[in-house]
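Here's a walk through a two-chain model, one piece at a time. Keep the viewer open and follow along.

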Amino acid sequence: MNLLVEAFAWIFDPAHLGGPNGIPIRLVQHLTISLVVLVISSVIAIPLGYLIGHTGRGRSLAVSLTGGFRALPTLGLLIVLALWLGIGVEAPVIALVVLAVPPILAGAYSGFEAIDRRTIDSARAVGMTEWQIVRKVEVPLGLPLLIGGLRSATLQIIATATLADYVGAGGLGRFIFVGLKSNDYPQMLAGSLLVIALALLSEGIFAIIQKLVVPRGVVANQNTDVRTSSPRRVAVVGSPTEERK
Amino acid sequence: MIEFRQVSKQFPDGTLAVDDFSLVIPSRKTTVFVGSSGCGKTTILRMINRMIDRTSGSIEIDGEDIVGLDKVKLRRRIGYVMQNSGLLPHRKVIDNVATVPLLNGVPKKQAHERALELLDTVGLDRSLANRYPSQLSGGQQQRVGVARGLAADPNILLMDEPFGAVDPLVRAELQQELIRLQRELDKTVVFVTHDIDEAFLLGDQVVILQKGGVIVQKGSPTEILSAPANDFVADFIGATKGKRALHIDRRDGREIVLDSEGRAAGVLVDGPTGGSKDAPA
């Protein structure tokens, strides 16, 4: 408990709130790396996932390939890449892209696959081109699952970007590695807490986005009457006689 | 006029769904394909708008072989109504109805005005225009589906068991609406069903199919009822039993029509002016 207090004291120490080694600069580094990784992964995974989802081909190949990559330990991959590319930001970015592509890919194609085949069939039958089917039907209806994939990818990126500083790329991981070397446990804990807070924040933001992008017509008729109490039906006028006793 | 000439369709897995099918579908009449599941009726229907491409033979619309036509353009000039309405769940009713005109580049305002008129045509209140499909009843969705099929003012309307998924009362209502619409709009309607009553109610030409798209009998409902081609047809249309095998019984000086079970189906009265629906004019 004492350690936790010390960690918070470390975070709010004015000396750490600015300067070339302060929290803001590491936070910006961490977010920049995460964002760059998210953008690169999306550029790779979304079109590929859409292609797989629309044509229904290559799914098993993509699944096994990305699943295989996903099984690679990120730290090991990072070290191999750093030995090859040298110290800097490239190695962690590539290692993190490998981590982030599978969930985004899965979100993209499963979003397409989850659409009722009859909806797509009828869109084709009234005379939509394949491209129009993708743009006007599959993308909007597949959006909720894609956002879900982006959400889980972002969470993993933010958490794992901590490793970036292992090869000198900075970010919030710096506090953890510096603390580790100098046995400065409050600093290590402070770094961890900051990463956790960032991850939770991104979860929150994505949860809101996910709610917002569900097409309105799809939500319109969903049952909002979620049961929170007794499964026994409450008596209303005209209902059968299963009254609450 | 749609003409099938020796059309066959073999699916990649080897199934011969339609074998050597020839038929003329007259313009401005309703032709109904009826048969049990797997008889190829939907395959035949979907070959007209090239949702399925025939393997051999030719299909002509007004003398033009559809193989030479662009699929997308062809589909946009043929109305299509399917069983579960097939509406886009993320678009409002009005946008669903206006789908094809909007694809064809009609300005949004004009397309929406036309869509509202079409809601009137199919008997839907204009206040439903801004709802989403999931907020409508099954029958209402089906009406929207018909409105969408009519939106580009096509000459041909393909209907694939459009009333199969709604309850019997609503189905009867929709059937009457379709008869009224057909009287007003004069389209070439090609209709697929497995319900022989529906076929006889709606069809000018009824085509009874067996597995492989084999035509067992075609003709007007009267022709088929008066002379079933074989036992299969007689059985299928229920001419040997049930509510179509009627006989007359005389009671208290009135002629009562009874079915094969002896239940009263009605009384005999003097025929309405105009005679039978199919009588030559």
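How many bridges join strand 9 of chain B to strand 10 of chain B? Five, and the two strands, residues 205-210 and residues 214-219, run antiparallel. Before going further, a reminder that this is a predicted model. If you want a register mark for the pair, take Val207(B), which sits opposite Lys218(B) in strand 10 of chain B. The two strands make a hairpin with three residues between them, and Gly212(B) has a positive phi there, near 85°.

**The sheet of strands 11, 12 and 13 in chain B**

Further along chain B, three strands build an open sheet in the order 11-12-13, with antiparallel pairing. Strand 11 (247-251) and strand 13 (264-267) of chain B are the edge strands; each has a single partner strand, so one side of each has no neighbour in the sheet. From one strand to the next, the twist averages 35°.

Now for the pairings themselves. Strand 11 of chain B is joined to strand 12 (residues 254-258) of chain B by five bridges, and the two run antiparallel. Within that pairing, Ile248(B) stands opposite Val257(B) of strand 12. Val257(B) also stands opposite Gly266(B) in strand 13 of chain B, so to speak a handy residue to click on. Strand 12 and strand 13 of chain B pair over three bridges, again in the antiparallel sense. They form a hairpin too, with five residues between the strands, and Gly262(B) in its turn has a positive phi of about 90°.

**Positive phi outside glycine**

Most residues other than glycine have a negative phi. With that in mind, here are two residues of chain B to look up on a Ramachandran plot.

| Residue | Phi | Loop | C-beta neighbours inside 10 Å |
|---|---|---|---|
| Asp62(B) | about 50° | between strand 4 (56-61) and strand 5 (64-65) of chain B | 11 |
| Asp186(B) | near 60° | between helix 7 (168-185) and strand 8 (188-193) of chain B | 12 |

Are they buried or exposed? Asp62(B) counts as exposed because it has 11 C-beta neighbours inside 10 Å. Asp186(B), with 12 such neighbours, counts as exposed as well.

**Chain A, helix by helix**

Over in chain A, the secondary structure comes to ten helices and zero strands. Of its 245 residues, 38% are buried. Take the contacts in chain A between residues at least 6 apart in sequence: 71% of them join residues at least 24 apart.

One helix pair deserves a look of its own. Two packed helices are described by the angle between their axes and the distance between the axes. For helix 8 (residues 173-181) and helix 9 (residues 185-213) of chain A, the axes come within 7 Å and cross at roughly 160°. The two helices are therefore roughly antiparallel to each other. The crossing of helix 8 of chain A past helix 9 of chain A is left-handed.

Which residues meet in this contact? From helix 8 of chain A come Gly173(A), Phe175(A), Ile176(A), Val178(A), Gly179(A) and Leu180(A). Facing them from helix 9 of chain A are Tyr185(A), Gln187(A), Met188(A), Ala190(A), Gly191(A) and Ser192(A). By type, the residues of this contact split into seven nonpolar, five polar and no charged.

Helix 8 of chain A has these buried residues: Gly173(A), Arg174(A), Phe175(A), Ile176(A) and Gly179(A). Their cover includes helix 2 (23-55) and helix 9 of chain A. After helix 8 of chain A comes Asn183(A), with a positive phi near 50°.

**Where the chains touch**

Finally, the contact between the chains takes 21 residues from chain A and 21 residues from chain B. On the chain A side, the elements that give two or more residues are helix 6 (117-125), helix 7 (130-160) and helix 10 (216-220) of chain A. Helix 6 of chain A supplies the largest share, seven residues. The residues on this side of chain A divide into ten nonpolar, seven polar and four charged.

Terms used:
Residues are numbered from 1 along each chain as its sequence is written. Chains are lettered from A and ligands numbered from 1 in the order in which they are written. This is a predicted model: local features need pLDDT of at least 70, side-chain atom pairs count only at pLDDT 80 or more; totals for chains, interfaces and linings use all residues. Two strands pair if DSSP finds at least two bridges between them. Helices (H or I, at least four residues) and strands (E, at least two) are DSSP runs, numbered from the N terminus. Axes are lines fitted to C-alpha atoms, for helices over the stretch in contact, and angles run from 0 to 180 degrees between N-to-C directions. Two residues are in contact if their C-beta atoms, placed from the backbone, lie within 7 Å. Ala, Val, Leu, Ile, Met, Phe, Trp, Tyr, Cys and Pro count as nonpolar, Asp, Glu, Lys and Arg as charged, and the others, Gly among them, as polar. Angles under 35 degrees count as roughly parallel, over 145 as roughly antiparallel, 65 to 115 as roughly perpendicular and the rest as oblique. A crossing is left-handed if the near helix is turned anticlockwise from the far one by less than a right angle, and right-handed if clockwise. A residue is buried if 20 or more other C-beta atoms lie within 10 Å of its own, exposed if 12 or fewer, and partly exposed in between; C-beta atoms are placed from the backbone.
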